[in-house]
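Open the model in your viewer and get ready to click around. We'll go stop by stop: what to select, and what you'll find there.

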Amino acid sequence: LKLWEERKSWLLDRETKRKIKEAKGTLVAKSLEKDKSRSSIIWRLSLNSAPVMQKVIEHLEPKCSVRKVLRLIKDIKMVALDGNERDFLKSYNVRQAMLWCIDENSNISTEADLLILTLKKIIQFYHQKTFPSFLEPKRNLTFKMSKNGQLEVAKNKLANILINVTSHLDTIKEAQRTNREGVSEVRHLLDPMADILLFPVVSERISEKTTSGLNKDIYMNDGTLHFFFEDTEKVEALDKVTNTIQTVSERDRLKFVIKNWVDSVLIYVTKHGADNDEVNEEEIDDTEMPSGNTAATDLVHTITRSLPTNDEAAIAVNQFVNQCAAVVIPSLAEAFPSFNEALPKVNRVAQVVYPV
């Protein structure tokens with residue numbers, strides 16, 4: 001874990017190294033291990049490469065948008081690959097390959113160059129049968145793929161994508177046009193209730209239900225019950241309202257991340273985000289707490305308490321919240337790749353959040 005400190009790379013200047021050390025390591029769950037004898041050992045310590053990516057963004061933008069290229073590769077994955085093949089372009093691995101190719105080509109000036117070079121770098125790693133993490137070069141990101149004999153298939157699939165990249169980009173543009181039409185239709189349908197959907201209580205209830213679904217329990221070797229995100233463990237988060245660091249529980253931090261995402265989606269689909277036709281998930285900062293309007297929340301609670309309380313209304317509200325939560329979980333796994341590592345069976349988790 002300390003090899004990167006001696007690396008000779010223009011990306012790893014003194015300031016970037018300082019930020020990496022400040023970010024510290026992260027203990028990542030490798031799987032939802034049900035065997036009690038293994039539940040406490042299937043973990044790995046990982047370094048946070050975000051400071052390196054931030055240096056890349058500052059170096060290349062605005063002439064070359066790193067975020068745009070990452071989104072394009074994500075879209076290419078969806079139109080050119082099917083099912084488990086999409087693991088050939090895992091978001092984390094793509095970012096690592098991008099760091100390697102930028103480290104070797106500091107003068108990249110166009111998004112087309114960055115896209116092509118990143119794909120070529122991934123193909124190179126598959127050909128070499130080793131895919132090193134940028135900060136942890138001895139860690140092979142394709143170890144499991146190698147064991148399963150998938151590297152040759154992955155290399156050939158990506159080589160084909162590279163040859164036909166222009167055609168795939170045309171397909172993406174057409175899909176984006178269709179999506180824009182669909183978004184416009186959804187916004188039109190939601191227009192009468194747009195303001196209601198933006199009441200804080202709506203995203204609050206969806207976020208709470210989603211948090212409960214994601215925060216699975218784990219039995220340790222000694223038989224004690226723990227959760228992925230504990231109420232008793234404290235972490236720091238930035239409160240955007242006061243611009244101060246607050247100490248909150250791990251569970252509350254998870255809920256803040258989810259609520260940030262839910263709020264951004266609700267804003268987007270209710271025309272309030274119409275000036276930006278793209279929800280930029282890469283720009284969501286999962287260390288920040290979303291701004292909360294206490295007065296607005298109290299007002300909504302007052303309004304909801306004054307509404308008629310009949311069984312049909314209660315069922316309808318609960319179904320809405322539960323269905324939203326079930327959809328949010330797999331969407332979060334795509335928006336935040338770290339969820340994929342912590343919860344590899346996220347789709348199954350989504351199905352058991354609530355029977356809908």
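Start by colouring the chain by confidence. This is a predicted model, and the protein chain averages a pLDDT of 75, with 69% of the residues scoring at least 70.

**Stop 1: the low-confidence stretches**

Select residues 273–309. Here pLDDT stays under 50, and the model has 59 contacts beyond four places in sequence for this stretch. Now try residues 333–356, where pLDDT again stays under 50 and the model has 49 such contacts. Don't zoom in too hard on either one: where pLDDT is low, the predicted coordinates should not be read in detail.

**Stop 2: an aromatic cluster**

Next, select Phe-125, Tyr-126 and Phe-131, and show their side chains. Together these residues form one aromatic cluster. The structure holds three aromatic pairs, and you can look at two of them right here.

How are the rings of Phe-125 and Phe-131 arranged? Their centres are 4.8 Å apart and their planes sit at 50°, so this pair is tilted. Then swing over to Tyr-126 and Phe-131: those ring centres are 5.9 Å apart with planes at 65°, so that pair is edge-to-face.

Turn on the surface while you're here. Are Phe-125 and Phe-131 buried or exposed? Both are buried. Phe-131 has 0% relative accessibility, and Tyr-126, at 1%, counts as buried too.

**Stop 3: salt bridges**

Hide the rings and bring up the charged side chains. The structure holds 15 salt bridges, and we'll visit a few.

Pick Lys-55 and Asp-13 to begin with. Their side chains meet in a salt bridge, at 2.9 Å from N to O. Lys-55 belongs to helix α2 (residues 50–60), while Asp-13 is in the segment before α1 (14–23), so this pair ties together parts that are 42 residues apart in sequence. Asp-13 is partly exposed, with a relative accessible area of 28%.

Move on to Glu-111 and Lys-68. Another salt bridge joins their side chains, this time at 3.5 Å from N to O. Glu-111 is in helix α5 (residues 111–128) and Lys-68 is in helix α3 (residues 66–80), so the pair ties together parts that are 43 residues apart in sequence. With the surface on, you'll find Glu-111 partly exposed at 24% relative accessibility, and Lys-68 partly exposed with a relative accessible area of 39%.

Now select Glu-208 and Arg-251. They form a salt bridge whose closest N and O atoms are 2.9 Å apart. What does this bridge tie together? Glu-208 lies in helix α10 (residues 200–214) and Arg-251 in helix α11 (residues 250–269), so the link joins parts that are 43 residues apart in sequence. Glu-208 counts as partly exposed at 28% relative accessibility, whereas Arg-251 is buried, with a relative accessible area of 15%. Add Glu-204 and Lys-255 to your selection: salt bridges that share partners join Glu-204, Glu-208, Arg-251 and Lys-255 into one network.

**Stop 4: a nonpolar patch**

Last stop: keep the surface on and select Tyr-219, Leu-225 and Phe-227. These residues make a nonpolar surface patch of about 270 Å². Switch to cartoon view to see that Phe-227 lies in strand β4 (residues 225–227). Then go back to the surface, where Phe-227 is partly exposed, with a relative accessible area of 36%.

How values were computed:
Residues are numbered from 1 along each chain as its sequence is written. This is a predicted model: local features need pLDDT of at least 70, side-chain atom pairs count only at pLDDT 80 or more; totals for chains, interfaces and linings use all residues. Side-chain values use heavy atoms; hydrogens and water are left out. Patches are made of residues with over 30% relative accessible area and no salt bridge: like charges are joined within 9 Å, nonpolar side chains (Val, Leu, Ile, Met, Phe, Trp, Tyr) within 5 Å. Accessible areas come from the Shrake-Rupley method with a 1.4 Å probe; for residues, only the protein chains shown count as cover. A salt bridge is a side-chain nitrogen of Lys or Arg within 4 Å of a carboxyl oxygen of Asp or Glu. Helices (H or I, at least four residues) and strands (E, at least two) are DSSP runs, numbered from the N terminus. Buried means under 20% relative accessible area, exposed over 50%, partly exposed in between (1.4 Å probe, protein chains only). pLDDT is the predictor's confidence in each residue, from 0 to 100. Contact means heavy atoms within 4.5 Å. Rings of Phe, Tyr and Trp (its six-membered ring) pair if their centres lie within 6.5 Å; planes under 30 degrees apart count as stacked, over 60 as edge-to-face and the rest as tilted.
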